[in-house]
Amino acid sequence: MLLLVGAVPVEDLPLLVGPVAYNEKGITVDGYELAINRGNEAMMTSACITCRHYGVDAPIGLVAGDIGKRKGSEAIYNYLIEHLPEMGAKVMTLHYVMPDLKLNKKVLATIDTMEHKPMMIADAGSMYVAKAGGDSHYYDVFTPDLGEAAFLADDKADHPSFTRGFIFNMEEDVPELIRRAYAGNNATKTMFIKGAVDYVCQDGEIVDTIREPSIETMEPIGGTGDLITGMISGLLYAGVDPLQACRIAGRANRAAGELSQPTPATQVQEILRCLPRALDKVHKDLGL
Amino acid sequence: MNWFKKKEKPSQEENDSHAVTRGLLVFAHPTTVIDVEQILREEGYEIRVVSPPPSYRTGCDLSVEFPLEAEAAITELLNNSNLTPLDVVPITSKGMEPLQFVRKKWYGKYLMVRAANMKITVDTETKIIVNISGGGCPDVPYLATALIGKHINEAPDLTEVGFSLCAYSLNTAREELVREIGA
């Protein structure tokens with residue numbers, strides 16, 4: 001099972017656990033319709049498209065409504081604490097949730113009890129809480145953007161908003177941010193850093209950079225990073241190794257951007273529509 | 001015997017353990033701190049917006065450090081402003097301050113401003129917010145829905161609709177945007 005975990009911006013939406021499906025209007029989780037938005041919905045849609053592309057089962061979503069008041073996020077943490085071992089997740093992606101150090105540590109303690117630990121990808125709030133708790137070693141892949149890479153590089157910060165200025169200003173030197181993140185044990189074995197140049201890292205080394213096509217107007221568009229996280233999730237579930245998954249996802253994201261001809265006002269739905277064609281193109285380009 | 005032996009300067013730790021002169025106002029949501037900061041600064045208090053000590057941390061928190069001798073006056077002021085803190089505690093260690101640096105990038109008529117991990121983009125001709133990107137707390141997608149398509153003057157106040165540190169950073173970016181292009 002590919003388990004996709006995160007909060008959605010619908011206040012009072014109860015916890016839902018069920019198959020994720022998508023259509024032109026949006027996605028459904030356990031039959032409940034959700035509009036495509038940046039964040040968890042974009043990530044889940046991207047993962048769905050990728051799973052369909054690779055002919056594997058659709059993901060299972062574990063979502064709850066949370067507009068920042070914590071209740072939905074707490075329901076998610078508590079469900080994982082109680083039920084994760086019986087869910088049979090092979091790959092689990094943890095995404096937008098309100099960081100909660102104590103509850104996340106309880107989730108990790110539950111994982112410690114499992115005979116078969118799922119491969120774990122974290123981005124957004126789930127990555128923040130993992131790093132803040134000193135628990136990055138539990139996870140297989142992080143997918144930070146540049147601001148988040150600076151946060152991972154700062155061993156004192158427990159949220160990107162607390163990244164110290166001298167590290168924030170190191171963003172022209174991404175390899176140094178990567179070095180610091182690994183030196184502080186705040187990085188994952190495989191890591192994808194999203195930016196004007198994407199960096200793919202393995203065990204502390206930069207093993208690939210992705211520069212083309214360069215679509216500058218992708219940066220202001222909310223949700224483009226979520227597409228990468230979703231694709232990596234689907235690819236891992238389809239049996240692709242983490243490093244190759246990062247290579248494919250980074251290139252497909254740029255290809256989808258190019259196909260959608262975005263402006264800074266473009267919304268992520270328009271890029272998502274181009275994702276199947278982008279995956280085809282990348283497969284052809286990489287000779288897969 | 002050296003009668004004039006220089007008295008050893010106490011270490012920082014000793015200083016911290018003996019002189020508790022600062023307190024911390026703890027709130028339920030980081031964005032509440034935006035209003036608290038404004039009120040206390042306007043009243044002339046020397047305050048710092050900081051991360052709370054580890055025992056109070058959840059991973060998404062912001063609090064206000066203040067001179068402890070002003071506790072009674074400050075708590076009364078905040079109570080009267082409906083900004084009552086969850087807790088008021090004395091502190092001995094310094095918290096980290098949130099990042100105030102911003103970066104700006106122009107895309108023709110569009111301007112993107114980034115603070116920490118949050119980006120806001122506006123069409124500078126119409127002053128309509130066209131995109132919000134970055135962040136990881138669950139109010140970010142909600143805030144994007146609430147703000148995108150709105151004139152920068154008409155968009156909801158982030159202290160009312162946001163709850164997280166990401167919302168705090170988004171507010172920092174938005175304030176810079178207003179400074180740059182005007183309201």
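How many residues does the contact take from chain B, and how many from chain A? In this predicted model, the count is 39 residues from chain B and 46 residues from chain A. On the chain B side, a handful of elements each put in at least two residues: the strands β6 (110–115), β7 (118–123) and β8 (128–134), plus the helices α4 (139–147) and α6 (165–181). The largest share of that side comes from α4(B), with 6 residues. Sorted by type, the residues of chain B that touch chain A come out as 21 nonpolar, 13 polar and 5 charged.

Chain B itself is a mix of 6 helices and 8 strands. Going along the sequence, the pattern reads α-β-α-β-β-α-β-β-β-β-β-α-α-α. Of its 183 residues, 45% count as buried. If one takes the contacts in chain B between residues at least 6 apart in sequence, 62% of them join residues at least 24 apart. An unreviewed UniProt entry annotates residues 103–177 of chain B as "domain: DUF8182". Across residues 103–177, chain B is 35% helix and 32% strand, with the end C-alpha atoms 10 Å apart.

One backbone detail in chain B deserves a mention. B:Ala116 is not a glycine, yet its phi is positive, at about 50°. This alanine sits in the loop between β6 and β7 of chain B. Loop or not, B:Ala116 counts as buried, because it has 30 C-beta neighbours inside 10 Å and the cut-off is 20 or more.

Over in chain A, the thing to look at is an open sheet of 11 strands with mixed pairing, in the order β4-β3-β2-β5-β1-β6-β7-β8-β9-β10-β11. Its edges are β4 (32–35) and β11 (205–210) of chain A, each of which pairs on one side only. Within the sheet, β1 (residues 2–8) and β6 (residues 91–94) of chain A run parallel and share 4 bridges. A:Leu3 has A:Met92 in β6(A) as its bridge partner. At the β4 edge the pairing goes the other way: β3(A) and β4(A) are antiparallel, again over 4 bridges. Here A:Thr28 is bridged to A:Glu33 in β4(A). The hairpin formed by β3(A) and β4(A) has 2 residues between the strands, and A:Asp30 in this hairpin takes a positive phi near 55°.

Helices lie against this sheet. Helix α1 (residues 40–54) of chain A lies across β1, β2 (16–22), β3 (26–29), β4, β5 (60–65) and β6 of chain A, and runs at about 160° to β1(A). α9(A) also packs on the sheet, where it touches β8 (141–142), β9 (190–193), β10 (198–202) and β11 of chain A. The direction of α9(A) makes about 175° with that of β10(A).

What is the span of α9(A), from its first C-alpha to its last? The helix has 19 residues and reaches 27 Å, close to the 27 Å expected at 1.5 Å a residue. Of those 19 residues, 15 are buried, so α9(A) is largely enclosed by the rest of the structure. After the helix comes A:Gln261, with a positive phi near 50°.

A:Asn253 lies in this helix, α9 (residues 242–260) of chain A. Is A:Asn253 buried or exposed? It counts as buried, because 27 C-beta neighbours fall inside 10 Å. Leaving aside residues up to four places away in sequence, A:Asn253 touches A:Thr224, A:Leu227 and A:Ile228. A:Asn253 and A:Leu2 are 251 residues apart in sequence, but 20 Å apart in space, C-alpha to C-alpha.

Two loops of chain A round things off. The loop between β10 and β11 of chain A holds A:Asp203. This aspartate has a phi near 50°, a positive value in a residue other than glycine. A:Asp203 is exposed, because just 12 other C-beta atoms lie within 10 Å, and 12 or fewer is the cut-off. Past β11, in the loop that leads to α8 (224–237) of chain A, sits A:Pro213. The peptide bond from A:Glu212 to A:Pro213 is cis, with omega near -10°.

Note on methods: Residues numbered from 1 in each chain as written. Chains lettered and ligands numbered in written order. Predicted model: local features only at pLDDT ≥ 70, side-chain atom pairs only at ≥ 80, totals over all residues. UniProt positions renumbered as here; feature names shortened; annotations may be inferred. Contact = placed C-beta atoms within 7 Å. Nonpolar A, V, L, I, M, F, W, Y, C, P; charged D, E, K, R; others polar. Expected span 1.5 Å × (residues − 1). Pairing = 2+ DSSP bridges. Axes fitted to C-alpha atoms, helices over the stretch in contact; angles between N-to-C directions.
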